[in-house]
Amino acid sequence: MNPSKAHRPMRAAGLRKGRRHGVPLRMIERAAERRAVGDWLGACAAADTAVDLDLRALRRAYGAEFTDRLLDDLRHLVPDLVRWHFPRFWHGEGRLLPGQRLLLSRPGGEEGPWLTVHRADRHTYGHRRLVLTVAEHAWAGLVLERSESAMRVNHWENVPHVWETSRYLWDSRCTGEARERWGGSAERAPFLDPDGTPRPGAVSPAEDPGPGDPAARTEWIDGLHRAGRVVEALGPVLGFDHGSGTRPPGEGPNR
């Protein structure tokens with residue numbers, strides 16, 4: 001595969017390194033063992049995730065229905081997957097970004113508090129433990145802060161990441177959605193055969209295969225992007241014909 005003209009090779013090096021060493025196979029296996037026997041607390045411990053929850057206090061404050069829904073989410077939580085997808089630096093060791101809060105679900109509905117995950121230590125080189133808790137979150141008055149890490153990499157703090165509608169990132173009931181969410185089809189993911197084996201050479205199609213083959217179309221778009229033809233690559237994603245500025249026939253009205 002030719003080097004990408006759209007991305008520097010080192011740009012994702014930290015992400016790969018952070019996942020390889022920050023979410024090792026032994027962590028995944030141990031967390032999976034505990035989840036298999038219904039021990040969500042043990043799964044969190046295996047994934048170095050502290051649980052800051054007082055279920056009795058939550059029941060008194062928000063009621064039995066809220067607590068039951070919360071427990072249902074906790075039983076299906078995949079804490080090692082949360083760690084895998086947690087925002088990271090794209091440089092160096094791929095450490096977890098400080099000042100990020102994941103909003104996983106809202107068991108009490110639109111007016112209730114959130115099941116959240118955040119990093120315990122706000123320092124770049126601090127402990128990488130995550131903390132699972134229930135907290136109120138108000139969008140009004142939210143102020144994002146531009147920060148610079150010890151590695152002199154700029155990032156934003158006080159960032160809320162809403163994963164309530166992206167449960168495939170953390171909920172065992174929805175992980176099967178990831179293949180299609182990432183540009184694949186029900187049969188296979190891009191660049192992989194249906195059994196998960198990497199496709200030989202991972203050669204991108206020479207032309208647009210159309211929406212009927214989502215995985216092949218994603219491979220084609222990726223080929224355009226790697227070749228530096230970024231605007232052309234965005235056309236199928238946004239639904240317009242780069243040459244004419246209109247949508248392709250049969251894919252919705254022009255705007």
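Colleague: Which residues of α8 are called buried?

Modeller: A215, A216, R217, E219, W220, I221, G223, L224 and R226 are the buried residues of α8. The term stands for under 20% relative accessible area, with exposed for over 50% and partly exposed in between (1.4 Å probe, protein chains only). This is a predicted model, in which local features need pLDDT of at least 70 and side-chain atom pairs pLDDT 80 or more, while totals for chains, interfaces and linings use all residues. Residues are numbered from 1 along each chain as its sequence is written, and side-chain values use heavy atoms, without hydrogens and water.

Colleague: How do you know that the span of α8 is close to the expected one?

Modeller: Helix α8 covers residues 214-226, 13 residues, and reaches 18 Å from first to last C-alpha, against 18 Å expected. The expected span is 1.5 Å times one less than the number of residues. A helix here is a DSSP run of H or I of at least four residues, a strand a run of E of at least two, both numbered from the N terminus. Just after α8, G228 has a positive phi of about 85°.

Colleague: Why is D48 called partly exposed?

Modeller: Its relative accessible area is 23%, which is neither under 20% nor over 50%, so D48 falls in between. D48 sits in the loop between α3 (40-46) and β1 (49-52).

Colleague: What makes the phi of D48 worth listing?

Modeller: Phi of D48 is positive, about 55°, although D48 is not a glycine. Most residues other than glycine have a negative phi. N158, in the loop between β6 and β7, also has a positive phi, near 65°, and is not a glycine. N158 is partly exposed, at 27%.

Colleague: What makes a set of grid points a pocket?

Modeller: A pocket is an open set of points on a 1 Å grid over the protein atoms alone where a 1.4 Å probe fits, with protein on both sides within 12 Å along at least five of seven lines. The largest one has a volume of about 420 Å³, the space filled by probe spheres set on the points.

Colleague: Which residues lie nearest the centre of the largest pocket?

Modeller: L15, P87, R88, W90 and L97, out of 21 lining residues; lining means an atom within 4 Å of a point. β6 supplies the largest share, three residues.
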